[in-house]
Amino acid sequence: MKKTLSFALGLFLFLFPALCPAQAPSQIGGFVLGGNVSEYKDRVKMETAMPIRYAEYLTEVETKGSDEFKSGLVSYGNCAAPGRIVRIKMKYADSTKKFYEALLKHYKDRFGEPLEWRGDPFHVMIAWKWSFTDSQNNQVSMILQHNTKDEEEKLGNAVKISLTNLLEQERMCFEKKYPSLRSEDTRQQAEKKSGPVRWDRLLPK
């Protein structure tokens with residue numbers, strides 16, 4: 001009986017792979033989410049490391065280039081688990097739209113259809129987002145993007161994978177430890193609760 005059930009399950013997974021949840025991504029460009037940045041000192045430019053503005057609970061460091069990736073940024077925690085990598089963003093060496101379209105197809109083959117469009121209506125920024133839960137119940141997000149003009153993002157093709165619950169863990173730890181240095185999002189929320197908007201101060205006269 002057990003053999004029959006195992007065979008039936010195996011046949012189902014073979015015939016209908018798209019119905020099976022994809023394994024959450026955990027690494028890109030040789031860097032692993034949850035690892036410690038100290039393990040990669042020979043692959044990052046430690047002299048570039050600095051806390052992220054308005055997100056001082058994270059430090060960001062540039063990676064060294066490779067044949068596949070022109071550049072990258074690794075973000076790691078400063079409070080709950082100092083040095084723990086919680087976000088990896090890599091820029092592909094090939095920046096063309098044609099490469100992006102081929103890349104997107106391979107992403108869909110491996111991880112299924114993306115769940116959310118994160119680009120703009122004019123497709124200046126083309127970006128798709130996937131969301132996963134890994135074997136340790138961590139929440140993992142992945143964004144694949146092609147940017148043609150947005151100066152706030154790297155031009156070309158890039159991928160970003162993040163441990164979103166551990167990012168939040170770092171933020172909460174930092175704000176509890178340093179209540180006067182709250183993140184920009186928290187400051188904005190506090191300002192919204194502080195009273196009515198003074199429109200006379202916001203409009204030209």
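In this predicted model, residues 5–20 have pLDDT under 50 throughout, and the model gives this stretch 2 contacts beyond four places in sequence. Over the chain, pLDDT averages 85, and 78% of the residues score at least 70.

The strands are arranged in an open sheet of 8 members, with antiparallel pairing and the order 3-4-5-6-10-9-8-7. Strand 3 (44–52) and strand 7 (116–117) form the edges, each pairing on one side only. At the strand 7 edge, 2 bridges connect strand 7 to strand 8 (residues 125–133), and the two run antiparallel. Glu116 has Lys129 of strand 8 as its bridge partner.

Further into the strand order, strand 10 is paired with both strand 6 and strand 9. Its antiparallel pairing with strand 6 comprises 5 bridges, and Ile88 stands opposite Ile161 of strand 10. The pairing of strand 10 with strand 9 is also antiparallel and extends over 8 bridges. Here Asn147 stands opposite Gly156 of strand 10. Of the 8 residues in strand 10, 7 are buried, so the strand is largely enclosed by the rest of the structure.

Two helices are associated with these strands. Helix 2 (residues 97–111) lies across strand 6 (85–92), strand 8, strand 9 (139–147) and strand 10 (156–163), and its direction is at about 15 degrees to strand 8. Helix 3 (residues 164–177) also packs on the sheet, where it touches strand 4 (55–63), strand 5 (69–77), strand 6, strand 9 and strand 10. The directions of helix 3 and strand 4 make an angle of about 130 degrees.

The largest nonpolar core contains 38 residues, among which Tyr107 and Leu144 touch the most other members. Beyond four places in sequence, the contacts of Leu144 include Tyr92, Tyr100, Leu103, Leu104 and Tyr107. Leu144 also touches Ile126, Ala127, Trp128, Trp130, Ala158 and Val159.

Ala127, one of these contacts of Leu144, is found in strand 8. Its relative accessible area is 2%, and because buried means under 20%, Ala127 counts as buried. With residues up to four places away in sequence left out, Ala127 touches Tyr100, Glu116, Trp117, Arg118, Gly119, Ile143, Leu144 and Gln145. Glu116, among the residues touched by Ala127, is also the bridge partner of Lys129. The C-alpha atoms of Ala127 and Asn157 are 9.6 Å apart, at a sequence separation of 30 residues.

The model contains 1 disulfide. It joins Cys79 to Cys173, with an S to S distance of 2.0 Å. Cys79 is located in the loop between strand 5 and strand 6, whereas Cys173 is part of helix 3, so the pair ties together parts 94 residues apart in sequence. The link of Cys79 and Cys173 is left-handed, with -65 degrees about the S-S bond. As to accessibility, Cys79 is buried at a relative accessible area of 13%, whereas Cys173 is partly exposed at 25%. The two cysteines fall into separate classes because the limit for buried is under 20% relative accessible area. Helix 3, which holds Cys173, thus has a covalent tie to the loop between strand 5 and strand 6 in addition to its contacts with the sheet.

Methods:
Residues are numbered from 1 along each chain as its sequence is written. This is a predicted model: local features need pLDDT of at least 70, side-chain atom pairs count only at pLDDT 80 or more; totals for chains, interfaces and linings use all residues. Side-chain values use heavy atoms; hydrogens and water are left out. Two strands pair if DSSP finds at least two bridges between them. Helices (H or I, at least four residues) and strands (E, at least two) are DSSP runs, numbered from the N terminus. Contact means heavy atoms within 4.5 Å. Axes are lines fitted to C-alpha atoms, for helices over the stretch in contact, and angles run from 0 to 180 degrees between N-to-C directions. A disulfide is a pair of cysteine sulfur atoms within 2.5 Å. Buried means under 20% relative accessible area, exposed over 50%, partly exposed in between (1.4 Å probe, protein chains only). pLDDT is the predictor's confidence in each residue, from 0 to 100. A nonpolar core is a set of buried Ala, Val, Leu, Ile, Met, Phe, Trp, Tyr and Cys residues joined through side-chain atoms within 4.5 Å.
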